[in-house]
Amino acid sequence: MQKLLAFTDIHMKSEGQKIIGLDPFAQFERALAHGLRHHPEAERIILMGDLADTGAPEEYDRVQEILQDIETPVTLMAGNHDVRDTLVQKMPQAVCDAAGFLQTSHSYGTVRVLTLDTLFGPPAVSYAHFGAYCDQRFAWLTEQLSEAKQAGQWVALFSHHPPFRVGFKGMDQIRMRDDARMLKVLKGSGVSVHLICGHIHRTISGNWDGFGFSMLKSTCHQMPLAIDTTEMTLGTTEPAAYGVILLTDDGIIVHSEDFDLVQETLNTHTETPVA
Ligand SMILES: [Fe+2]
Ligand SMILES: [Fe+2]
């Protein structure tokens, strides 16, 4: 079994700036330290997009400041709050595919881990919070799925924007909009795929037309459970989390760890005998 640590929606801001009273720097620093303390053997750390809040260069500097002494390999993804060019320029861990998109593929035995770039553009459009996937990116994904099929691998598919609706009307508007084509490509591949997404800032799981999915909380602020809301900017200070992803011969398991709630010592609970 191998293990990945996934952190999404960091929303780093400039020094002194907070989001609904939360300091994104302190939140991410605490999340990462917790993850590495409890899972030092993790093969890789994946930052699943919205690394920055406004995309300003100094926000990436502050993410880098937290990452600088980490020895575990780091994979970076982009979200709608990121500026792809600035992210690539400022972050030495950024890896792009041949077409210049922030997409990576890593094999861990029976599981292939793919991280997608679902940003609209280029050219980037500042108001486009929804996600997109283009011909070049679909070509890359199709090739990766084909290789996974030949190797008999499962695929853990990381996508910042979910390519499906989750019931929040406003957030559903800014999902990855090339969803029908994505579904066709995944179904056509014949590969067992599990999707792991961010963007919504909430723990959600389900099944999208045959494909299982898990969504992870932000390391900072969360989305309240306000089903049907058309509002896209709701935020709550519910406990934050990161993901611990197990890659096994039997499949892919996604755990969510609320790092501020976890006790450092493990207690057993005792059964009270029935009188
Ligand atoms: Fe976000
Ligand atoms: Fe997002």
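## R84 and its surroundings

In this predicted model, R84 is found in helix α3, the element that spans residues 84-90. Its relative accessible area is 10%, and because buried residues are those under 20%, R84 counts as buried.

The side chain of R84 is joined to the side chain of D117 by a polar contact of 2.8 Å. Leaving aside residues up to four places away in sequence, R84 touches G100, F101 and L102, together with D117, L119, G121, P122 and R137.

## Donors of the iron ion (ligand 1)

The iron ion (ligand 1) has as its protein donors two aspartates, D9 and D50, each through OD, and two histidines, H11 and H201, each through NE2, with these donors lying 2.1 to 2.2 Å from the ion. Along the chain, the donors follow the spacing D-x1-H-x38-D-x150-H.

Two of these donor residues can also be described by their accessibility: D9 is buried, with a relative accessibility of 0%, and H11 is likewise buried, with a relative accessible area of 3%.

## Geometry and the second iron ion

Which arrangement do the four donor atoms form around the iron ion (ligand 1)? The angles that they subtend run from 85 to 174 degrees, and the arrangement is therefore irregular. For four donors, the tetrahedral class requires all angles to lie between 85 and 135 degrees, a range that the angle of 174 degrees at the iron ion (ligand 1) does not meet.

D50 also links this site to the iron ion (ligand 2), since D50 bridges the two ions, which lie 3.4 Å apart.

Technical notes. Residues numbered from 1 in each chain as written. Chains lettered and ligands numbered in written order. Predicted model: local features only at pLDDT ≥ 70, side-chain atom pairs only at ≥ 80, totals over all residues. Heavy atoms only, no water. Donors = N, O, S within 2.8 Å, 3.2 Å for Na, K, Ca; no water. Tetrahedral: all angles 85-135°; square planar, octahedral: opposite > 155°, others 65-115°. Buried < 20%, exposed > 50% of the residue type's maximum accessible area, 1.4 Å probe, protein only. Helix = DSSP H or I, 4+ residues; strand = E, 2+ residues; numbered from the N terminus. Polar contact = N/O pair within 3.5 Å; in protein donor to acceptor, adjacent residues only side chain to side chain. Contact = heavy atoms within 4.5 Å.
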